[in-house]
Amino acid sequence: MVRIAGISLVGLCVTLSGAAAAQTSTDGRALTEAVCSSCHSTRLIERSSGYSRAHWEKLLAGMVDLSGAPEDRTVILDYLATHFSPSDNRAATTTPGPLKLNMETWMVPTLGQRPRDPVEAADGSIWWVGQWGDILGRIDPKTGAMQEYNLPPGAKPHSVEIGPDGSVWYTGNKNATLGRLDTISGEITEFPMPDPAARDPHTHVFNEAGILWFSLQQSNMIGRLDPKTGDIRLVTAPTPRSRPYGVKIAADGTVWVACNGSNCLLRVDPNTMDVTEIELPEKGTHVRRLDIDADGMIWWVNSGLGRLGRYDPATGAIREWPSPSGSKSHPYAIAVYKGAIWYNESGVRPDMLVRFDPVSETFQSWPIASDGVYAGILRHMRVSGDGEALLIHQTASNRIMRVTVAD
C-alpha cells in the first residue's frame, strides 16, 4: 500500500496494486504521473534539472512510501532516471567566498507533507507546518525527537508563528482561518475570517503588543487579529491583484508588506490600518518577501527580475543588485542574519543560499543540499532566538534545516 502525507491512496485516484498496477507496470510514464500528480503537478518534474537514479531514489523516499510496491518503485525510478537525468537546465551560479557553513537536517515523519516555514520557540524547539498534510510539527534539536499535530482537515497551513504566551499559531490558507495550538492541552482554536472575500490567510507575525498581523495574498488584503478579544480587522491593498505576501514589523511598529503581484511595497499604520503604497521602479518586479535591518532599511527580494533590493524609508532611496544566478533566479525567502542579507535563489538548481554583505556589496552563495539531493525549494527563513542560526527548509525533500556559520 502506498501512503502520501499519511493518507492511503488505495480507493482514491491512484491504486498501485491489483489491476491498476498490472495496467501501469510496463508504462513508466503513466505510473509516474499517477503517483506524482496525486500531490503535485508533473510540471515540477519537467522543470527540474534532473537527477541520477540514486538521487531520484532519495528524493522519492522523502515524498511517498513505496515499500509495499517495490516493482512499481523500480518502474518509476527507471523512468525518471532515463528521461530526467542530470542536465544544466536552470543551472545555478555559485559565488565563492570566505565563509563556511554547517547545515543540520531533519527529515520530518509524514511523507509528502511539504514542510515549510520553521520557527524557533523560547525553549529552543523548532516548529513547522506541513502544508499539504494539514500538519503542525515540533522538533527538539537536542534529541532529534519530533511530534506532529493533526490540524482541521483542509486547513492547508501556510506558515507558523510563536505567540507571546508560547502558543503556536498557523495560517489556514485554504479554510480561511487563523489557528492557535495550546501546546499544553493540545487544543486547537480556529479564528474564521469575518469577510467571505478574505479567503487565504498567508504569512503572519506578532508585534510587540501581541497583535497578530497577516497577509491574504489572493484576497489582496492585510489583516490584524487581537488574540485577547478575537477581533479581526481587514483592509484591502490599494492596487488590485498586488497580492500581499511577506510581512514584517519595524522597530517603530510600522507594518511592512511585500507585493507579490505588483512592483510595490506596502506600509501599514499599526493604529489606523491606513495603507501607503511605495512604487518600485520597474514593471515586472514582484516581491515575495522582505526583512528589516538594524538601521531600519527595508531589504526585499525582486523575485520577478532576479535582484536584491533595498528601500530607505527615511529618504525614499531605492537600490537593487543583480542576484548571482541572474534574472531568472527568482529570489524567494530573505532574512537579515549576522549583519548580512541572506536569501535563496529558487528558480535555479541547486536551490542556492545567498549572502550579501551590505558593507562591501559582495555576494557569496552555497547550494542547499538535502542528503545529497539538490531539490527545492526554500520559501521562508527565520533567525533563531539567539541570533546564531538560520532556520530554512526544503519542501520537496521533506526536510527542515538549521544553518550556522562555521568557526
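Start by selecting helix H5, residues 70-83, in this predicted model. Colour Asp72, Val75, Ile76, Leu77, Tyr79, Leu80 and Ala81: these residues of H5 are buried. In this predicted structure, buried means under 20% relative accessible area. An α-helix has 3.6 residues a turn, so residues three or four places apart point the same way. With that in mind, look along the helix and see where Ile76 and Leu80, two of the buried residues, sit.

Now put a ruler on the helix. How far does H5 reach from its first C-alpha to its last? With 14 residues, H5 spans 20 Å, close to the 20 Å expected at 1.5 Å a residue.

**Next stop: a sheet**

Select strands E12 (201-206), E13 (212-216), E14 and E15 (231-236). These four strands form an open sheet in the order E12-E13-E14-E15, with antiparallel pairing. E12 and E15 are the edge strands, each pairing on one side only. Neighbouring strands here are turned by 20° against each other on average, direction ignored.

Zoom in on E12 and E13. Four bridges join this antiparallel pair. Strands of a sheet pair through backbone hydrogen bonds, either parallel or antiparallel. Now click on His204: standing opposite is Phe214 in E13.

**Keep E12 on screen: a pocket**

E12 also takes us to the second largest pocket, because this strand supplies four residues of the lining, the largest share. The pocket has a volume of about 810 Å³, and 30 residues line it. To find the middle, select Glu161, Val205, Phe206, Lys248 and Arg382, which lie nearest the centre.

Which strands each supply at least two residues of this lining? Show E4 (115-120), E8 (157-162), E12 (201-206), E16 (244-249), E20 (287-292) and E28 (382-383). If you colour the lining by class, you should get 14 nonpolar, nine polar and seven charged residues.

**Last stop: the largest pocket**

Rolling a probe the size of a water molecule over the atoms shows where empty space is left. For the largest pocket, the volume is about 1100 Å³. Select Leu44, Arg114, Trp132, Ile377 and Arg379 to land nearest its centre; the whole lining has 44 residues.

Add helix H3 (43-46) and helix H4 (53-61), since you'll find at least two lining residues from each. What does the lining look like by class? Colour it and you get 16 nonpolar, 15 polar and 13 charged residues.

Technical notes: Residues numbered from 1 in each chain as written. Predicted model: local features only at pLDDT ≥ 70, side-chain atom pairs only at ≥ 80, totals over all residues. Heavy atoms only, no water. 1 Å grid on protein atoms, 1.4 Å probe; cavity = no way out; pocket = protein on both sides within 12 Å on 5 of 7 lines; lining within 4 Å. Points joined across faces, edges and corners; volume = space filled by probe spheres on them. Nonpolar A, V, L, I, M, F, W, Y, C, P; charged D, E, K, R; others polar. Pairing = 2+ DSSP bridges. Axes fitted to C-alpha atoms, helices over the stretch in contact; angles between N-to-C directions. Expected span 1.5 Å × (residues − 1). Buried < 20%, exposed > 50% of the residue type's maximum accessible area, 1.4 Å probe, protein only.
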